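Open the model in your viewer and keep the sequence panel beside it. The stops below go from the whole chain to single residues.

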Amino acid sequence: MPESVPVMGLWSTGDRFLTERSMSGTGEYVAGSWRYERVEEAGHWLQLDQPERVNELLLSFFKENS
């Protein structure tokens, strides 16, 4: 069953375990709003590698959906 709440998918260019296509394709399983963001210069643990960028994206997402 598709998720009906707003969803944001984050993918990092240095992720060795998840492909961009896998993450961007997740929108097919979302019935609510879907937002996809690509984070440059980060690995699989993008929140550790680019914390400022991840926080900026999260705050923006929360603001859009509050």
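**Whole chain**

Colour by secondary structure. The protein has three helices and two strands. These are DSSP runs: helices are H or I with at least four residues, strands are E with at least two, and numbering starts from the N terminus. Read from the N terminus, the order of elements is β-α-β-α-α. The radius of gyration of the protein is 12 Å, close to the 11 Å of the globule rule for 66 residues, so the protein is as compact as a globular protein of that length. That radius is taken over C-alpha atoms, and the rule is 2.2 Å times the number of residues to the power 0.38.

Before going on, note the ground rules. This is a predicted model, in which local features need pLDDT of at least 70 and side-chain atom pairs count only at pLDDT 80 or more, while totals for chains, interfaces and linings use all residues. Residues are numbered from 1 along each chain as its sequence is written, and side-chain values use heavy atoms, with hydrogens and water left out.

Show C-alpha atoms alone and align the view to the principal axes. The C-alpha atoms fill a box of roughly 30 × 25 × 10 Å. Next, turn on contacts, meaning heavy atoms within 4.5 Å. Among contacts in the protein with a separation of 6 or more, 67% come from residues 24 or more positions apart.

**Surface and charge**

Switch to a surface. The exposed area of the protein is about 4800 Å², and carbon and sulfur atoms supply 54% of it. Areas come from the Shrake-Rupley method with a 1.4 Å probe; for residues, only the protein chains shown count as cover. Of the 66 residues, 29% count as buried. Buried means under 20% relative accessible area, exposed means over 50%, and partly exposed lies in between.

Now colour by charge. There are 6 positive and 11 negative side chains, and the centres of the two sets lie 2 Å apart. Lys and Arg count as positive, Asp and Glu as negative; His and the chain ends are not counted. Each charge is placed at NZ of Lys, CZ of Arg, CG of Asp or CD of Glu.

**Strand β2: E37 and R35**

Select E37. It lies in strand β2, residues 34-39. Is E37 buried or exposed? E37 is buried, at a relative accessible area of 18%. Add R35, also in strand β2. R35 is buried too, at 14% relative accessible area.

What joins the side chains of E37 and R35? A polar contact of 2.9 Å. The term means a pair of N or O atoms within 3.5 Å; within protein, one must be able to donate a hydrogen and the other to accept it, and residues adjacent in sequence count only if both atoms are side-chain atoms.

Now show the surroundings, leaving out residues up to four places away in sequence. E37 touches M8, G9, L10, W11, R53 and L57. R35 touches V7, M8, G9, L57, S60, F61 and E64.

**The loop after β2: E41 and G43**

Move to the loop between β2 and α2 (46-49), where E41 lies. E41 is exposed, with a relative accessible area of 69%. Check its backbone: phi is positive, about 55°, although E41 is not a glycine. Most residues other than glycine have a negative phi.

G43 belongs to the loop between β2 and α2. G43 is buried, with a relative accessible area of 17%. Which residues are in contact with G43, aside from neighbours within four places in sequence? They are S12, G14, D15 and D49. Draw a C-alpha distance from G43 to D15: 4.5 Å, across 28 residues of chain.

**Two last stops: G27 and S4**

Select G27, in the loop between α1 (20-24) and β2. G27 is buried, at 19% relative accessible area. Its C-alpha is 8.4 Å from that of V7, and the two are 20 residues apart in sequence.

Finish at S4, in the segment before β1 (7-12). S4 is exposed, at 57% relative accessible area. Aside from neighbours within four places in sequence, S4 is in contact with A31 and G32. From S4 to R38 the C-alpha distance is 22 Å, at 34 residues apart in sequence.

Conventions. Buried means under 20% relative accessible area, exposed over 50%, partly exposed in between (1.4 Å probe, protein chains only).
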